[in-house]
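Welcome! Here is a friendly first tour for anyone meeting this protein for the first time. Please have a look at the sequence and the structure before reading on.

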Amino acid sequence: MLISYLVSKGEQSVASIRRERSRSKEISMAGKKVVLKNYVSGFPKLSDFEVVETDDAVRSAPPEGSEAVVVKNLYLSCDPYMRHLMSRNREPLRIESYVLGEAIKGFGVSKVVASGHPDYQIGDYVWGLTGWESYSLIDKPQALFKINHTADVPLSYYTGLLGMPGLTAYAGFYEKCSPKKGENVYVSSAAGAVGQLVGQFAKLMGCYVVGSAGSDEKVELLKSKFGFDEAFNYKKESDLNLALKRYFPQGIDIYFDNVGGATLDAVLLNMRNHGRIAACGMISQYNLEKPDGVHNLATIIGRRVEIKGFVVFDHYNLYPQFVETITQYVKEGKIEYVEDVAEGFENGPSALLELFEGRNVGKKLLVVDKE
């Protein structure tokens, strides 16, 4: 059958035939999407979002010559950085804001339903930036990561453990912190998608690890499931400086910072000489009109402390070794992972709000289609 098809097409290449077969003449985009109604000042509210029906949205498959793909979204990731996109032209990050009335964007796991790109076929599973909508047209699929391990781990893990948060933890800890066996490691927001992994990576290296979180439930999780040596509820500490001295009488070698603000200020007083700080996120500051000041920066001089900010996009080259390493860890039972799951687009806005209110336990994600 393929031979007769080639004969009828004459000089048309096998590659172009495959691309044509990977297209659908028309893809129904009916479904739902989550849109931002107003740019946010302070803490986001449910009224800032709207879930919209898209019954009348029908798009053709990518046109001939286009490398775009159409994906059906399955799992959507709730991540702290999304707060920046809810405000217009917010300093100091200078990143592009969400467009009012359009589907908000974030990382997700999707299934290819139409393709103009030779590397993506119908039925392929991918993760990467997509829309909070039933179907998305991805103009630049080169930025997507094809999923090859669906038999080994749940697909949802590619929103976290094997996706952007996991790679963030991996690159931030190993590349920015230069850890050594026996060092003292402190992780803030330690029960979140990134923090829970950083702590476990540190334990695998033979480090002493302490994490902080915002509830007793999370503290217990850090010690009983993720294997942290110690953990504490920062909301119960009247003096963070004294709390850190209690858990790190000899000082901190590595601080993985997910919160910034008062916690970072207290950490600076407790860093050891030649300590390293990986500045991953500052969620305590995202909803403030005027960010808190950091007053103890002078300590980085005398103690020769290195503070390195980073973004995961600069470390995509590490993904092949990362996914191979972490998949093996999962198979061997060396890594534990906890998800906090919401279902349905109608629960998308509240899922995001839980993240900024500290009510998530583990990786927050939204299931919109389980296939």
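The briefing below starts with the overall picture and then moves through the sheet, the helices, the aromatic rings and a few single residues.

This is a predicted model. The protein has 371 residues, and 53% of them are buried. Its secondary structure comes to 11 helices and 17 strands. Among contacts between residues at least 6 apart in sequence, 69% join residues at least 24 apart.

**The six-stranded sheet**

- Six strands form an open sheet with parallel pairing, in the order β12-β11-β10-β13-β14-β15.
- The edges are taken by β12 (230–233) and β15 (306–309); each has a single partner strand, so one side of each is left without a neighbour in the sheet.
- On average, neighbouring strands of this sheet are turned by 15° against each other, direction ignored.
- Within the sheet, β10 and β13 run parallel and are joined by three bridges. One residue to look up here is Val185, whose bridge partner in β13 is Ile254.
- Helix α4 packs on this sheet, where it touches β10, β13, β14 (271–279) and β15. The direction of α4 makes about 150° with that of β13.
- Helix α7 (residues 240–247) also packs on the sheet, touching β10, β11, β12 and β13. The direction of α7 makes about 165° with that of β12.

**Two enclosed helices**

- Helix α4 spans residues 164–176, and 11 of its 13 residues are buried, so this helix is largely enclosed by the rest of the structure.
- The buried residues of α4 include Met164, Pro165, Leu167, Tyr170 and Phe173, and Lys176 is also one of them.
- After α4 comes Ser178, which has a positive phi, near 45°.
- Helix α5 (residues 195–204) is likewise largely enclosed by the rest of the structure, because eight of its 10 residues are buried.
- Among the buried residues of α5 are Gln196, Leu197, Val198, Gln200 and Phe201.
- What covers the buried residues of α5 includes the helices α4 and α10 as well as the strands β10, β11 (208–213), β13 and β17 (363–367).
- Just after α5, Gly206 takes a positive phi of about 85°.

**Aromatic rings**

- How many aromatic pairs does the structure hold? There are 21 of them.
- One pair is Tyr186 with Tyr255: the ring centres are 5.1 Å apart and the planes are at 15°, so the pair is stacked.
- Tyr186 lies in strand β10 (residues 184–187) and Tyr255 in strand β13 (residues 252–257), so their pairing ties together parts that are 69 residues apart in sequence.
- Are Tyr186 and Tyr255 buried or exposed? Both Tyr186 and Tyr255 are buried.
- Tyr319 and Phe322 make a tilted aromatic pair, with 5.6 Å from centre to centre and 45° between the planes.
- Because Tyr319 and Phe322 are three residues apart in helix α10 (residues 319–331), about one helical turn separates them.
- Tyr319 is buried, with a relative accessible area of 7%, and Phe322 counts as buried at 0% relative accessibility.
- Ring pairs link Tyr319 and Phe322 into a cluster that also includes Tyr81, Phe107, Trp127, Phe145, Tyr170, Phe173, Tyr174, Phe201, Phe313 and Tyr316.
- Elsewhere, Lys146 lies over the face of Tyr120, at 5.5 Å from the ring centre.

**The strand pair β2 and β3**

- Strand β2 (residues 32–36) has four of its five residues buried, so this strand is largely enclosed by the rest of the structure.
- β2 runs antiparallel to strand β3 (residues 49–53), and five bridges join the two.
- As an example of how they line up, Val35 stands opposite Glu50 in β3.

**A closer look at Asn233**

- Asn233 has its place in strand β12, and with a relative accessible area of 9% Asn233 is buried.
- Which side chain makes a polar contact with the side chain of Asn233? The partner is Asp216, at 3.3 Å.
- Leaving aside its neighbours within four places in sequence, Asn233 is in contact with Ala213, Gly214, Ser215, Asp216 and Val219.

Notes
Residues numbered from 1 in each chain as written. Predicted model: local features only at pLDDT ≥ 70, side-chain atom pairs only at ≥ 80, totals over all residues. Heavy atoms only, no water. Buried < 20%, exposed > 50% of the residue type's maximum accessible area, 1.4 Å probe, protein only. Phe/Tyr/Trp six-rings, centres within 6.5 Å; stacked < 30°, edge-to-face > 60°. Lys NZ or Arg CZ within 6 Å of the ring centre and 35° of its normal. Contact = heavy atoms within 4.5 Å. Pairing = 2+ DSSP bridges. Axes fitted to C-alpha atoms, helices over the stretch in contact; angles between N-to-C directions. Polar contact = N/O pair within 3.5 Å; in protein donor to acceptor, adjacent residues only side chain to side chain.
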